[in-house]
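Thanks, everyone, for making the time. I would like to take you through one ligand site and then one residue in a strand, and I will keep to what can be read from the model.

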Amino acid sequence: MSTLLEQARDAAKQAYAPYSHFPVGAAVETDCGVFTGCNIENASYGLTICAERVALWKAISEGATRIERLALSCIQAPEGAPAESRMPCGACRQVMAEFLAPEAQIEIDGVGVITLAELLPQPFQLGTPSCLGKTQP
Ligand code: THU
């Protein structure tokens, strides 16, 4: 049985990254099992989607109602590269804050384990609690 981080590394092999040549993989553990994602780029660069969001949206769209933790791997970050080049982007941190608890563990390949609250201490919130797992009004 492979670890969540190993599954994130595996997912990175599916990355479509012909522009950046920077494959990324993510895996989330949920109440519906593990979902993985990779970054998928586009010639219109702004349409590129990060690995974390692919994994999260796969999970949500398949019915997951609890996202327990997330693992992330930038498999081609150079050996000895600074942690910054392996960290989740700001947009993905905000999306994580929508679906994971502040104390949820985020495992970052080559960096370590950090809580979501440490990654994004003050996420934007509209004031309504998460509707995850509940019928939308
Ligand atoms: N990327 C991710 O997949 N996740 C992140 O959190 C940071 C960046 C991707 C987007 C793009 O395809 C490539 O890495 C270089 O920015």
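Let me begin with the polar contacts of the ligand, bearing in mind throughout that this is a predicted model. In the side chain of Asn39, an N or O atom is 2.9 Å from an oxygen atom of the ligand, and for the side chain of Glu41 the corresponding distance, again from an N or O atom to a ligand oxygen, is 2.5 Å. With Ala51 the backbone takes part, since one of its N or O atoms lies 3.0 Å from an oxygen atom of the ligand. As for cover, the ligand on its own has 370 Å² of accessible area, and the protein covers 77% of that.

Where does the ligand sit? It occupies the second largest pocket, and the residues around it include, besides Asn39, Glu41 and Ala51, also Ser20, Phe22, Val24, Thr48, Cys50, Glu52, Pro88 and Cys89. If we sort this shell by class, we find 6 nonpolar, 3 polar and 2 charged residues.

Let me now turn to the strand residue, Thr30, which belongs to strand 1, spanning residues 25-30. Is Thr30 buried or exposed? Its relative accessibility is 9%, and because the cut-off for buried is under 20%, Thr30 counts as buried. Its side chain has polar partners in the backbone: a polar atom of that side chain lies 2.8 Å from the backbone nitrogen of Cys32, while the backbone oxygen of Gly33 is 2.7 Å from a polar atom of the Thr30 side chain.

I am happy to take questions on either part.

How values were computed:
Residues numbered from 1 in each chain as written. Predicted model: local features only at pLDDT ≥ 70, side-chain atom pairs only at ≥ 80, totals over all residues. Heavy atoms only, no water. Near = heavy atom within 4 Å. Polar contact = N/O pair within 3.5 Å; in protein donor to acceptor, adjacent residues only side chain to side chain. Areas by Shrake-Rupley, 256 points an atom, 1.4 Å probe, with all protein chains shown as cover. 1 Å grid on protein atoms, 1.4 Å probe; cavity = no way out; pocket = protein on both sides within 12 Å on 5 of 7 lines; lining within 4 Å. Sits in = over half its atoms within 2 Å of the grid points. Nonpolar A, V, L, I, M, F, W, Y, C, P; charged D, E, K, R; others polar. Helix = DSSP H or I, 4+ residues; strand = E, 2+ residues; numbered from the N terminus. Buried < 20%, exposed > 50% of the residue type's maximum accessible area, 1.4 Å probe, protein only.
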